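These exercises go from the whole chain down to single residues. Try each task on the model before reading its solution.

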Amino acid sequence: MAGGLAKMMKEAQKLEKRLEEVRKRLVEMTVEGSSGGGAVTITRNGQRDVLKVSVDPSVLEDGDAEMLEDLLLSALRDAKQKSDELASSEMSKVT
């Protein structure tokens, strides 16, 4: 029985090490979410951190703050979804 427990603990440690490696890789992986046909682009890493926000200058010409806010929210949601999918995909390779 003790041998079985030791084996399980060893396997758990291996799994934890692989998960930590994936977490480190996810920090370096990026995805982009966009809206308005690319007028607003958000770059996130696999840990869901926002790294960059890009706004096409043409969006600012109208001075429509509400439209810009909507585009930003939409791009953030798109980037979050892609970041979540990336993280899920990478984690599933380990588990």
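A residue counts as buried when its relative accessible area is under 20%, as exposed when the area is over 50%, and as partly exposed in between. The model used here is predicted.

**Exercise 1. Classify Arg-44 as buried or exposed, and find its surroundings.**

Step 1. Locate the residue: Arg-44 belongs to strand E2.

Step 2. Apply the cut-off. The relative accessible area of Arg-44 is 12%, and the limit for buried is under 20%, so Arg-44 is buried.

Step 3. List the contacts, leaving out residues up to four places away in sequence. Arg-44 then touches, among others, Met-29, Thr-30 and Val-31. Its partners also include Asp-49, Val-50 and Leu-51, as well as Leu-76, Ala-79, Lys-80 and Ser-83.

Step 4. Take one distance. Lys-24 is 20 residues from Arg-44 along the chain, and their C-alpha atoms are separated by 14 Å.

**Exercise 2. Describe the order of the elements and the overall form of the protein chain.**

Step 1. Count the elements: the protein chain has 3 helices and 3 strands.

Step 2. Read them from the N terminus on; the order is α-β-β-β-α-α.

Step 3. Compare the radius of gyration with the globule rule. The value for the protein chain is 20 Å, whereas the rule gives 12 Å for 95 residues, so the chain is more spread out than a compact globule.

Step 4. Look at the box filled by the C-alpha atoms: along the principal axes it is roughly 70 × 20 × 15 Å.

Step 5. Add the burial figure: 25% of the 95 residues count as buried.

Step 6. Turn to the surface. The protein chain exposes about 6600 Å², and carbon and sulfur atoms supply 54% of that area.

**Exercise 3. Which residues make up the largest nonpolar core, and which element gives the most to it?**

Step 1. Recall the general tendency: in soluble globular proteins, nonpolar side chains tend to be buried together.

Step 2. Name the members. The largest nonpolar core has 8 residues: Ala-39, Val-40, Ile-42, Val-59, Leu-68, Leu-71, Ala-75 and Ala-79.

Step 3. Assign them to elements. Strand E2 (40–45) and helix H3 (65–94) are the elements that give two or more residues to this core. H3 gives the most, with 4 residues.

Step 4. Follow one member. Leaving out residues up to four places away in sequence, Leu-68 touches Val-40, Val-55, Val-59 and Leu-60.

Step 5. Note that there is a second, separate core of 7 residues, including Leu-19, Val-22, Leu-86 and Val-94.

**Exercise 4. Find where Met-91 lies and which residues it touches.**

Step 1. Met-91 is part of helix H3.

Step 2. Its relative accessibility is 22%, so Met-91 counts as partly exposed.

Step 3. Apart from residues up to four places away in sequence, Met-91 touches Leu-19, Val-22, Arg-23 and Leu-26.

Step 4. Compare sequence and space for one of these partners: Leu-19 is 72 residues from Met-91 in sequence, yet their C-alpha atoms are 7.1 Å apart.

**Exercise 5. What is the sign of phi at Arg-48, and where does the residue lie?**

Step 1. Start from the usual case: most residues other than glycine have a negative phi.

Step 2. Read the angle. Phi of Arg-48 is near 75 degrees, a positive value in a residue other than glycine.

Step 3. Place the residue: Arg-48 sits in the loop between E2 and strand E3 (50–55).

Step 4. With a relative accessible area of 38%, Arg-48 is partly exposed.

Key:
Residues numbered from 1 in each chain as written. Predicted model: local features only at pLDDT ≥ 70, side-chain atom pairs only at ≥ 80, totals over all residues. Heavy atoms only, no water. Core = buried A, V, L, I, M, F, W, Y, C linked by side-chain atoms within 4.5 Å. Buried < 20%, exposed > 50% of the residue type's maximum accessible area, 1.4 Å probe, protein only. Contact = heavy atoms within 4.5 Å. Rg over C-alpha atoms; globule rule 2.2 N^0.38 Å. Areas by Shrake-Rupley, 256 points an atom, 1.4 Å probe, with all protein chains shown as cover.
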